[in-house]
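Subject: Structure for you to look at

Hello,

Here is the structure I said I would hand over. Please open it first, then read the notes underneath.

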Amino acid sequence: MSIYILGIESSCDDTSAAVLHGNKMLSNVIAGQSVHQQYGGVVPELASRSHLQNIIPVIDTALKHAKITKSQIDAIAFTRGPGLLGSLLVGVSFAKSLAMSLKVPLVEVDHLQAHVLAHFIKIKGEEKNVPNFPFLCLTASGGHSQILLVKSYSDFEIIGKTIDDAAGETFDKAAKTMGLPYPGGPIIDKLAQEGNAEVFKFSEARLPAYDFSFSGLKTSFLYFLRDRIKENPNFIEENRADLAASIQNAIINSLTSKLVIAAKDLGISEIAVSGGVSANSGLRSSLQEIAQEHSWNLFVPAFEFTTDNAAMIAMAGYFKYKEGEFASLDVTPYTRYGMG
Ligand code: KG4
Ligand code: ZN
């Protein structure tokens, strides 16, 4: 079924629109919001205002890049949640009004499921393997960290999750503690490539089953730096790369150790990773090594589909469209996972 589907994503601080033809991506436009950098994190009020400014030009550009007009759109998929309420409201309201004016069906998408389904997006001219069901997916982003058992395009079971902070949030907070701007994840990643991960050891949580915890790690990093700065005010500057490599290593170990146990217990070797943190080069290479050791069939997304993007929303929307699962015009956003 080759329909044109427009995806709209506005759950946090990226305004994105994408067009898919069936499962083939025709465009994927993302407008980030640098306004948050100076505040060390996303300011919800500023995020929703930026979405309002960006949404029309971003959709317009996505249609232009896809070389289609709005009258060719067959369906509109949008992120219903989870995310920031003010940000979601912009995308949800716009999707509804556009669907109403074009008289096309509306499809609501869960942002986290979309991160997983990004693995099924086909890029023109690219031959690619996709995960076979059932597979395990480690989704690690700024707001969530989960291990999902994915049984079909619509059947997702959370088998492990963070009990406090998300992995991306831990990267961002560690970076902030080191005086680096938001989002800190990509900066830590870059610094870590020059550093030695064995220099500093930080306590990692030991939780039962497949759950994660990052708040202890975050606090131990903070206290460690506070104590060292008392002895040497230049401590961070002098050890930036080793600090980045060491904290990154602790986060990666927490994530991968649980994924290894889950894969073993469930006897699954189809393994995927998704979400903003899956852009991390240390995590990607560590997973490659583990995959080789355990004979996993590993699926790592293209960088374009790791952080928030509307192509993954359109992809998830396409699977729902095929099942005839449409949203009504009175649909409202939800802020937490599982509320939809
Ligand atoms: O999936 P995403 O774009 O947004 C949410 O759904 O939360 O993830 C954003 C998160 C941020 O915390 C960001 O620092 C992190 O992903 N991130 C990274 C890297 N690129 C983005 N963390 C570590 N290494 C990276 N290369
Ligand atoms: Zn996300």
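The centres of domain 1 and domain 2, taken over C-alpha atoms, are 26 Å apart. Please keep in mind that this is a predicted model. Domain 1 covers 4-126 + 305-322, and domain 2 covers 135-302. Where the two meet, 19 residues of domain 1 are in contact with 24 residues of domain 2.

Pockets

Empty space in a structure shows up when a probe the size of a water molecule is rolled over the atoms. The largest pocket here holds about 1,200 Å³ of space. Its lining is made of 40 residues, and those nearest the centre of the pocket are D13, G142, D172, Y182 and P183. Three elements give two or more residues to this lining: α3 (111-117), α4 (167-177) and α5 (184-192). Of these, α4 gives the most, with six residues. Sorted by class, the lining of the largest pocket has 12 nonpolar, 20 polar and eight charged residues.

Why does the largest pocket lie between domain 1 and domain 2? Both domains give residues to its lining, so the pocket lies between them.

The second largest pocket has about 360 Å³ of space. It is lined by 19 residues, with Q113, Y153, S154, F156 and K320 nearest its centre. At least two lining residues come from each of β5 (106-110), α3 and α9 (311-322). Here α9 gives the most, namely four residues. The classes in this lining are eight nonpolar, five polar and six charged residues. Domain 1 and domain 2 each supply at least three residues to the lining of the second largest pocket.

A pair of helices

Two packed helices are described by the angle between their axes and the distance between the axes. Take α7 (residues 235-266) and α8 (residues 281-294): their axes come within 10 Å and cross at roughly 35 degrees. The crossing of α7 and α8 is right-handed. On the α7 side, the contact is made by Q248, I252, T256, L259 and V260. On the α8 side, the residues are G282, L283, S286, L287, I290 and H294. How many charged residues are there in the contact of α7 with α8? There are no charged residues in this contact, which has six nonpolar and five polar ones.

Backbone details

Most residues other than glycine have a negative phi, and most peptide bonds are trans. Three places in this model are worth checking against that statement.

- G81 and P82 are joined by a cis peptide bond, with omega about -10 degrees. P82 sits in the loop between β4 (75-81) and α2 (85-102).
- F133 and P134 are also joined by a cis peptide bond, and omega is about -10 degrees. The loop that holds P134 runs between β6 (122-123) and β7 (135-140).
- K103 is a residue other than glycine with a positive phi, near 60 degrees. K103 is in the loop between α2 and β5.

To go through the model yourself, you could begin with the largest pocket and the residues nearest its centre, including D13 and Y182. The pair α7 and α8, with its right-handed crossing, could come next. The loops that hold P82, P134 and K103 can be left for the end.

Regards

Key:
Residues numbered from 1 in each chain as written. Chains lettered and ligands numbered in written order. Predicted model: local features only at pLDDT ≥ 70, side-chain atom pairs only at ≥ 80, totals over all residues. Heavy atoms only, no water. 1 Å grid on protein atoms, 1.4 Å probe; cavity = no way out; pocket = protein on both sides within 12 Å on 5 of 7 lines; lining within 4 Å. Points joined across faces, edges and corners; volume = space filled by probe spheres on them. Nonpolar A, V, L, I, M, F, W, Y, C, P; charged D, E, K, R; others polar. Domains from an automatic or database assignment. Axes fitted to C-alpha atoms, helices over the stretch in contact; angles between N-to-C directions. Left-handed = near helix turned anticlockwise from the far one by under 90°. Contact = heavy atoms within 4.5 Å.
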